[in-house]
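Today I am looking at how two domains of one chain meet. Here is the structure I have open.

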Amino acid sequence: MTLTDHTHDPEAQSWVPSANAADADFPLQNLPYGLFRRAGSQQDWRVGVAIGDQILDLRHAAQAGCWSSDTLVLLQPLAEGDLNRFMALPQEKRRALRLALFDALHADSGLDAELSGCLLPQSEAEMAVPCRIADYTDFYTGIHHATTVGKLFRPDNPLLPNYKWVPIGYHGRSSSIGVSGGTVRRPLGQLKAPDAEVPVFGPCKRLDYELELGLFVAGGNALGEPIPMAEAEQHMFGLSLLNDWSARDLQAWEYQPLGPFLAKNFASTISPWIVTMEALEPFRLPFTRPEGDPQPLPYLDSPANRAGGNYGIELEVWLQTAQMRAAGQPAVCLMRSNFKYAYWTLAQMLTHHASNGCNLQPGDLLGTGTQSGPEAGEGGSLLELSLGGKQSITLPNGETRTFLQDGDSVILRGFAQAKGARRIGFGDCAATVVAAP
Ligand code: MN
C-alpha cells in the first residue's frame, strides 16, 4: 500500500526560502518533529517542525487563526509540548496534520505573513530529546556488521545459527540517551587483555561509535497482545539517527553469557529531529532474502513487507579530531552505507518485539543495530574499519585512529533520495568524546 500524496510532490516549494535549497535536509516534503527552546533561555521546551534552517514553533503557531478546527485538535498536544500524546494518535490523524502543515508552509499558502513570526532559526535554538523514551531496545539487523564483528570475537563461528531466524536484540537503557550536540564521557570499566590473568578497572581504551537508525514507536500495544505484521506500520512513528556508543574492551570481557551491559549503556546519542514514516514513504524498497537463506517465519512475513517494507536511507559517519578542530579543518567522512542492507525490516523488528506480548509504548525507541555495507570500507564502527584495532586508519592530516580519542567529534548523517522524490535529510547526530572522570 502506498501512501504517497501531494506532500511528496518533488516540485513543491515553501515560503521559507532556505527549505528550497537543493541540499536542504528539511525541505517542505520532510517536516520532522523535535523539541526545542531558544538557546540560553528558561522557556518551556516546545515541539517544533524543522523547515529549511528554521523551526516552526507549534505552541506559537497553534495560536494563529489559520487552522481548521480538526487541525487545532491535532495541534493541541504539540502546542502543550507533549510529542508522546501526538505519537499515540492513529496513523490517519498523524497524516492529517502532516497535510495541514505542508499546506500551511507551502509557497502558495498565503500564510507567510501570519506564520513567519512563529519561526525560530535553528542556529538560535537548543534541542532536547524529542519525547519521553520509556524503553530502548537495540537490534542487530546489520548482517555485514554482525558477520565482521562475529569473526573478530569468534573467528570459527562468526554468524550464530539463530541470526537468520530471529531479529536479535537486547534491552538497552533509555536514561542515558542524549541529543546531538553534547559530549560523551569515556566510561570506566573492567578490562581484561586476552593475555592478562585478571581484569583491571580503568578508562575504556577501545571507545567506538555505532552507526544506527532509531525507530520511534507510535501507538503502543496492550500487555499480552502482539502486533501482527499487517498492523506493524501503524505503530511506527518515525526515525532518527542513533549513535550507540560502545566500549569494545568492556564488551569483550562482559558480553558472555547475557550480552551487552555496561559496554553500551553509558551513552547513546540521537539526532534531534524525528523524520516521520510518512515523509519516508517515497523511499520504500522491496524486502528480499539472498538466494539460499531461510524465508522469515509466517509471523514475520506479509505481502506489504515483501513489496515495500525496506527503506533506502544513505548513512554516513564523519570524524573531526581535536587537532582538526584547532586547525579549522572540517570533519572527514569515514564511511558510507545504506539502510537497505538490513537483514530485517522495521516492521519485523516491531512485530518480533511484541510477538511474546511485550507491550510497547508511544515514544519507545528501537535501534536498528549497526548499518554496515557489504564492502570492507563500509563498516559502521571503528571495530570493523580497524579490523578489531589491528589496522589503523590514517586521516588526511596524518593522524591515525584505531578507536576514538578524547576530543574526537563523531557526526552521523543520513538522507534519502530516489527518482521522482525530493531528497530529505536527518540533520546531524554529533557528539564529542571527553576524558574519563
Ligand atoms: Mn548497537
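For the first lookup I take a salt bridge as a side-chain nitrogen of Lys or Arg within 4 Å of a carboxyl oxygen of Asp or Glu. This is a predicted model, so I keep to its rules: local features need pLDDT of at least 70, side-chain atom pairs count only at pLDDT 80 or more, and totals for chains, interfaces and linings use all residues. I number residues from 1 along each chain as its sequence is written, and side-chain values use heavy atoms, with hydrogens and water left out.

**Entry: the domains.** I looked up the domain assignment (bounds from an automatic or database source) and found domain 1 at 6-128 and domain 2 at 136-434. Their C-alpha centres lie 28 Å apart. I then listed the contact (heavy atoms within 4.5 Å): 33 residues come from domain 1 and 28 residues from domain 2.

**Entry: the area.** Buried area here is the accessible area (1.4 Å probe) that two parts lose on being put together, summed over both. For domain 1 and domain 2 I get about 2,400 Å², with 61% from carbon and sulfur atoms. On the domain 1 side, His8, Met87 and Arg94 lose the most area to domain 2, together 24% of what that side buries.

**Entry: charges and classes.** How many salt bridges are there between domain 1 and domain 2? I count 1. I also noted that the side chains of Arg423 and Asp25 form a salt bridge, at 3.1 Å from N to O.
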